[in-house]
Amino acid sequence: MTIKEIQDRIVTGEYVFSEHSVKRMIQRSISRIEIEQAVIAGEIIEEYYDDKYTPSCLIYGRNDARRNLHIHVSFPPTVVIITVYDPDPKEWIDYKVRR
């Protein structure tokens, strides 16, 4: 799976949010638009082929306001936003590599 394939699904609206991600978005004041912008500008920084339900990945991206976000996404055929959060700089080098 490539970032381009995920980005294409985001651009065309062919994705869904998990219940967990919606709760986290509300809790963390992250909007759908911010997530879309971050994924479209983003890159895959980790891949989880043996994830619990389906292969997935962690995307790092910035939205138009330059907010750094991590978006955990399942791979197609169904792109699901699993969760989203502001990465902690104490845990990440340049928001991309785990310390």
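**Entry 1: Isoleucine 6**

I count two residues as being in contact when heavy atoms of theirs lie within 4.5 Å. I kept in mind that this is a predicted model.

With that rule I looked up isoleucine 6, which has its place in helix 1. Is isoleucine 6 buried or exposed? Its relative accessibility is 0%, and buried means under 20%, so isoleucine 6 counts as buried.

Next I asked which residues isoleucine 6 is in contact with, leaving aside its neighbours within four places in sequence. I noted Met1, Val39, Ile44, Cys57, Ile59, Val73, Phe75, Pro76 and Val79. I also checked isoleucine 6 against proline 89, which is 83 residues apart from it along the chain. Their C-alpha atoms are separated by 25 Å.

**Entry 2: Helix 1 and helix 3**

A reminder to myself: two packed helices are described by the angle between their axes and the distance between the axes.

For helix 1 (residues 3–11) and helix 3 (residues 32–40), I found an angle of about 150° and axes 9 Å apart. Angles over 145 degrees count as roughly antiparallel, and therefore helix 1 and helix 3 are roughly antiparallel to each other. Their crossing is left-handed.

Then I looked at which residues meet there. From helix 1 I wrote down Ile3, Ile6, Gln7, Ile10 and Val11; from helix 3, Glu36, Val39 and Ile40. The residues of this contact comprise six nonpolar, one polar and one charged. I was pleased to see isoleucine 6 turn up again, as one of the helix 1 residues in this list.

**Entry 3: The sheet**

I moved on to the strands. What is their order in the sheet? The sheet is open, has five strands and follows the order 1-5-4-3-2, with mixed pairing. Strand 1 (15–17) and strand 2 (43–48) stand at the edges with a single partner strand each, so each has one side left without a neighbour in the sheet. On average, neighbouring strands are turned by 30° against each other, direction ignored.

I took a look at one pair: strand 4 (residues 68–74) and strand 5 (residues 79–85) run antiparallel and are joined by four bridges. Valine 73 stands opposite isoleucine 81 of strand 5.

**Entry 4: Helices on the sheet**

Last, I asked which strands the helices touch. Helix 1 packs on the sheet and touches strand 1, strand 2, strand 3 (56–62), strand 4 and strand 5. The direction of helix 1 makes about 95° with that of strand 5. Helix 2 (residues 19–28) packs on the sheet too, touching strand 1 and strand 5. For helix 2, the angle with the direction of strand 5 is about 30°.

Note on methods
Residues are numbered from 1 along each chain as its sequence is written. This is a predicted model: local features need pLDDT of at least 70, side-chain atom pairs count only at pLDDT 80 or more; totals for chains, interfaces and linings use all residues. Side-chain values use heavy atoms; hydrogens and water are left out. Axes are lines fitted to C-alpha atoms, for helices over the stretch in contact, and angles run from 0 to 180 degrees between N-to-C directions. Helices (H or I, at least four residues) and strands (E, at least two) are DSSP runs, numbered from the N terminus. Angles under 35 degrees count as roughly parallel, over 145 as roughly antiparallel, 65 to 115 as roughly perpendicular and the rest as oblique. A crossing is left-handed if the near helix is turned anticlockwise from the far one by less than a right angle, and right-handed if clockwise. Ala, Val, Leu, Ile, Met, Phe, Trp, Tyr, Cys and Pro count as nonpolar, Asp, Glu, Lys and Arg as charged, and the others, Gly among them, as polar. Two strands pair if DSSP finds at least two bridges between them. Buried means under 20% relative accessible area, exposed over 50%, partly exposed in between (1.4 Å probe, protein chains only).
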